[in-house]
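Here is a short note to keep beside you as you look through this structure for the first time. The points can be read in order, with the viewer open.

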There are 2 protein chains.
Amino acid sequence: MSQWVFNTSLEWKSGEEAVERTAGRPDLPVCGPPEFGGPAGQWTPEHLLVGGVESCLLLTTLYFVEKMKIDLRSYESSAGGTMARTAEGLRFTEMRVSIRARVGAEGDVANLEAAVRKGEKYCPLSAAVRFPVHVELAVSTA
Amino acid sequence: MSQWVFNTSLEWKSGEEAVERTAGRPDLPVCGPPEFGGPAGQWTPEHLLVGGVESCLLLTTLYFVEKMKIDLRSYESSAGGTMARTAEGLRFTEMRVSIRARVGAEGDVANLEAAVRKGEKYCPLSAAVRFPVHVELAVSTA
């Protein structure tokens, strides 16, 4: 069975501040979210999770965009992950991703919709989370 | 019910490169992992997920460190998330986190072990993923 390991390391600095590292990439300072008393200004674990799923959805979609030879001109999205206080503690309950994309030809609109649906299905990070990831797509022609 | 939304946005640049953003924090360039044909040099969604869980575990543990008045002197960890090719596509199967920590007093060793176990239990990101997160801890006194 093919398998891969994605490695990171972490060093606690002080208070709720730390640095995430992974070989060959820039250091990534992280902190606790201000919502829960953390300092402001750095990426939080919660934002890393939401941004990770959001970017994985793009990259998985791009695989199908290439395969289906779609003339994708632009792609932007905004995402929001909702966390609630439950009896078990703080838990993510759902995530929403709104994609705005432009394609080169009218015929690519439906193709991009199909590519995004495949992206949703095969995205390893969407599949890795327990909460539902709702994806909306608005496509226009360039 | 108390709830919070963690927002991010993404802009596709070209190829397998994009930028993740969230208000008030530095831009975070991301790319597809070289393992799957992406370019090198930037954080990937896979690393963001692994680093997110790793840092969430620290931050949740710190909550209990403070509550239990543990004299924590240092905390570092390394993490690895394993991905396998399955019939459903690429899927994370498990993650390992190895923590090396130092405490100020002998009596804090057992307390830190208890704090890490509570951290594991209440960490919102560990709870958000479908795969098991195995945590090892080595504590020494300063």
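1. Start with chain A of this predicted model. The centres of its domain 1 and domain 2, taken over C-alpha atoms, are separated by 23 Å. The domain assignment places residues 1-42 in domain 1 and residues 45-141 in domain 2.

2. Next, have a look at how the two chains share a sheet. Six strands make up an open sheet with mixed pairing, and their order is S6(A)-S5(A)-S4(A)-S1(B)-S2(B)-S3(B). At the edges are strand S6 (133-141) of chain A and strand S3 (28-31) of chain B, each of which pairs on one side only. On average, neighbouring strands here are turned by 20 degrees against each other, direction ignored.

3. Within the chain B part of that sheet, strand S2 (residues 17-21) and S3(B) run antiparallel and are joined by four bridges. If you would like one pair to find, try Glu17(B), whose bridge partner in S3(B) is Cys31(B).

4. What lies across this sheet? Helix H1 (residues 45-67) of chain A does: it lies across strands S4 (72-86), S5 (89-103) and S6 of chain A, and also across S1 (3-14), S2 and S3 of chain B. Relative to S1(B), the helix runs at about 35 degrees.

5. A pairing between the chains also involves strand S1 (residues 3-14) of chain A, which is joined to S4(B) by nine bridges, the two strands running antiparallel. Here Gln3(A) stands opposite Ala84(B) of S4(B).

6. How are the two copies related? A turn of 180 degrees, with a shift of 0.0 Å along the axis, lays chain B on chain A with an RMSD of 0.0 Å. The copies are therefore related as by a two-fold rotation axis. In chain B, Val129(B) has the C-alpha nearest that axis, at 2.2 Å. Both copies use the same surface, as 100% of the contact residues of chain B recur in chain A.

7. Finally, the contact itself: 64 residues of chain B touch 64 residues of chain A. On the chain B side, at least two residues each come from S1, S2, S3, helix H1 (45-67), strand S4 (72-86), strand S5 (89-103) and helix H3 (124-128). H1(B) gives the largest share, 14 residues. By type, the residues on this side of chain B are 32 nonpolar, 21 polar and eleven charged.

Methods:
Residues are numbered from 1 along each chain as its sequence is written. Chains are lettered from A and ligands numbered from 1 in the order in which they are written. This is a predicted model: local features need pLDDT of at least 70, side-chain atom pairs count only at pLDDT 80 or more; totals for chains, interfaces and linings use all residues. Domain bounds come from an automatic or database domain assignment. Two strands pair if DSSP finds at least two bridges between them. Axes are lines fitted to C-alpha atoms, for helices over the stretch in contact, and angles run from 0 to 180 degrees between N-to-C directions. Two residues are in contact if their C-beta atoms, placed from the backbone, lie within 7 Å. Copies are superposed by least squares on the C-alpha atoms of residues with pLDDT of at least 70 in both. Ala, Val, Leu, Ile, Met, Phe, Trp, Tyr, Cys and Pro count as nonpolar, Asp, Glu, Lys and Arg as charged, and the others, Gly among them, as polar.
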